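Visitor: Hi, I have a few quick things to ask about this protein. Can we take a look together?

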Amino acid sequence: MKCPYCGHPDTRVIDSRPAEDGSSIRRRRSCDECTKRFTTYEKVETIPLIIIKKDNTREQYNRGKIESGVLSACYKRPVSADDIAKAINKIENKIFNLEEKEVPSSRVGEIVMEELKDLDEVAYVRFASVYREFKDVNTFMKELKKILDK
């Protein structure tokens, strides 16, 4: 591993442990040349996941879209940034654990809603109202009743 400080091509691993998300390895490294320390993360490279959109077009999976949707749903809600990050990681793990090369966007949306329901009910309703494209108050009320009947 090349040192990010001095560019020396050889560094040593001081410590290795699983990262917090459990899907990568955190390594502390030291440069023998400049003696500075730095951290690297190793993650298994997966086959690119393709999302099948509602109009049957296909696009590569983009974590940023899920982050954006969850952050919008949680806007001005009493949900910590740490809880949001954990929820996004859970969503991503569930998607990749499907072990499919192509996943319909509808399945991704359902996974996001499952996670938001546990995270914050208002965020769940916000996301569901956009995702399910509620056309009128009755469909909105049906979704609210699902939450109230828990």
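**Arg-29, a pocket and two cysteines**

Guide: The side chains of Arg-29 and Thr-40 are joined by a polar contact of 3.1 Å. Keep in mind that this is a predicted model.

Visitor: Where is Arg-29 placed?

Guide: Arg-29 sits in strand β2, which covers residues 24-31.

Visitor: Is Arg-29 buried or exposed?

Guide: Arg-29 is buried. Its relative accessible area is 10%, and the cut-off for buried is under 20%.

Visitor: What else is Arg-29 in contact with?

Guide: Leave aside neighbours within four places in sequence. Then the contacts of Arg-29 include Met-1, Val-13, Phe-38 and Glu-42.

Visitor: New topic. What volume does the largest pocket have?

Guide: About 550 Å³. It is lined by 21 residues, and those closest to its centre are Lys-53, Lys-65, Ser-105, Phe-127 and Tyr-131.

Visitor: Which element gives the most to that lining?

Guide: Helix α1 does, with five residues.

Visitor: And how many residues of each class are in the lining?

Guide: Nine are nonpolar, six are polar and six are charged.

Visitor: Now the cysteines. How many disulfides does a search of the whole structure find?

Guide: Zero. The cysteine sulfur nearest to that of Cys-6 belongs to Cys-31, 3.6 Å away. A disulfide needs the two sulfur atoms within 2.5 Å, so this pair does not count as one.

Visitor: Which of these are buried, exposed or partly exposed?

Guide: Cys-6 is partly exposed, at 38% relative accessible area. Cys-31 is buried, at 1% relative accessibility.

Key:
Residues are numbered from 1 along each chain as its sequence is written. This is a predicted model: local features need pLDDT of at least 70, side-chain atom pairs count only at pLDDT 80 or more; totals for chains, interfaces and linings use all residues. Side-chain values use heavy atoms; hydrogens and water are left out. Helices (H or I, at least four residues) and strands (E, at least two) are DSSP runs, numbered from the N terminus. Buried means under 20% relative accessible area, exposed over 50%, partly exposed in between (1.4 Å probe, protein chains only). A polar contact is a pair of N or O atoms within 3.5 Å; within protein, one must be able to donate a hydrogen and the other to accept it, and residues adjacent in sequence count only if both atoms are side-chain atoms. Contact means heavy atoms within 4.5 Å. On a 1 Å grid over the protein atoms alone, a cavity is a set of points where a 1.4 Å probe fits but cannot get out, and a pocket is an open set with protein on both sides within 12 Å along at least five of seven lines; lining residues have an atom within 4 Å of a point. Grid points are joined across faces, edges and corners, and a volume is the space filled by probe spheres set on the points. Ala, Val, Leu, Ile, Met, Phe, Trp, Tyr, Cys and Pro count as nonpolar, Asp, Glu, Lys and Arg as charged, and the others, Gly among them, as polar.
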